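Colleague: Hi! Could you walk me through this one? I'm new to looking at structures.

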Amino acid sequence: MASDLLLGKVVLVTGASSGIGAAAAKEFAKEGAAVVLTARREARLAALVDELEQGGARAAYVVGDVSVGEDAARVVKFAVTHFGRLDAAFNNAGIGGDRTPLHLMQDDVYDTIMDVNVRGVFNCLRHEIAAMLETGGGSIVNNSSVGGLVAIPTAAPYIASKHAVIGFTRAAADEYAKQGIRVNAVAPGTTRSEITADWFARNPGIEAFANSVTPQGRTAEPEEIAAAAAWLLSDRCPFLTGTVLPVDGGFVNQ
């Protein structure tokens, strides 16, 4: 059943072609938002927009790679041109990477992870904030990870990138608080997606292990992360900025 958590807002979702991003697009639309979706896979975006429109939502997509500054600028411009403004954004695009000991990590792995997970958030933030300043404010949620709060062995570039997302979140929140822009982050635990499905397939027993160290004892569904992001983006928490919200079944609380 639809509600009004994001009623009338224009919300941008990056990395929207699958997983948490696709779930967020559906959740935000259900909550009354007009959604602008971006990712690199056009067929996935087109199918999702068609599904949302069939359900009565206002939706549009633009293909883009947020690690490229010009693409991030074009995506934000598209949102403003298509729907008239940008009220909120969920910077969700990100990648994982193979588990490799730090001393064996290759330059190209580091560069790719940092380009998508860190430069991508940087690119999106600067263009989203510029658009929101034009209309008096807005709300942004960055997708970090429990890996931005704790260390996980053999994943150093990923861990560093997700710590950096939290750093950008706190810096932007502090810098633009008086100008009406709130910036928060979600830090998901192990969440069902194409990336984790591949990870589980290549590492038998890893899901059972991850669940064993999670107090709730299970893998999250992407809809659960999307619901948390929707609340953070909404006007229900107007005094909340610079916060990192773990959505992790209690993992970091141990």
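Colleague: Thanks! How much accessible surface does the protein chain have, and what share belongs to carbon and sulfur atoms?

Modeller: Keep in mind that this is a predicted model. Its protein chain has an accessible surface of about 11,700 Å², and carbon and sulfur atoms hold 55% of that.

Colleague: And how many of its residues are buried, as a percentage?

Modeller: Out of 254 residues, 49% count as buried.

Colleague: What does the radius of gyration say about the protein chain?

Modeller: It is 17 Å, and a compact globule of 254 residues would have a value near 18 Å, so the two agree. The C-alpha atoms fill a box of roughly 50 × 35 × 35 Å along the principal axes.

Colleague: New topic: how many helices and strands are there?

Modeller: The protein chain has 8 helices and 7 strands.

Colleague: Let's look at H1. What span should it have?

Modeller: H1 covers residues 19-30, and its 12 residues at 1.5 Å each should span 16 Å. The C-alpha atoms at its ends are 17 Å apart, which agrees.

Colleague: Is H1 largely enclosed or not, and why?

Modeller: Largely enclosed by the rest of the structure, because 9 of its 12 residues are buried. Among them are Ile-20, Glu-27 and Phe-28.

Colleague: Which residue with a positive phi follows H1?

Modeller: That's Gly-32, with a phi near 100°.

Colleague: Last one: how far apart are the mean positions of the positive and negative charges?

Modeller: They are 3 Å apart, counting 21 positive and 28 negative charges.

Conventions
Residues numbered from 1 in each chain as written. Predicted model: local features only at pLDDT ≥ 70, side-chain atom pairs only at ≥ 80, totals over all residues. Heavy atoms only, no water. Helix = DSSP H or I, 4+ residues; strand = E, 2+ residues; numbered from the N terminus. Expected span 1.5 Å × (residues − 1). Buried < 20%, exposed > 50% of the residue type's maximum accessible area, 1.4 Å probe, protein only. Rg over C-alpha atoms; globule rule 2.2 N^0.38 Å. Areas by Shrake-Rupley, 256 points an atom, 1.4 Å probe, with all protein chains shown as cover. Lys, Arg positive; Asp, Glu negative; His and termini not counted. Charge placed at Lys NZ, Arg CZ, Asp CG, Glu CD.
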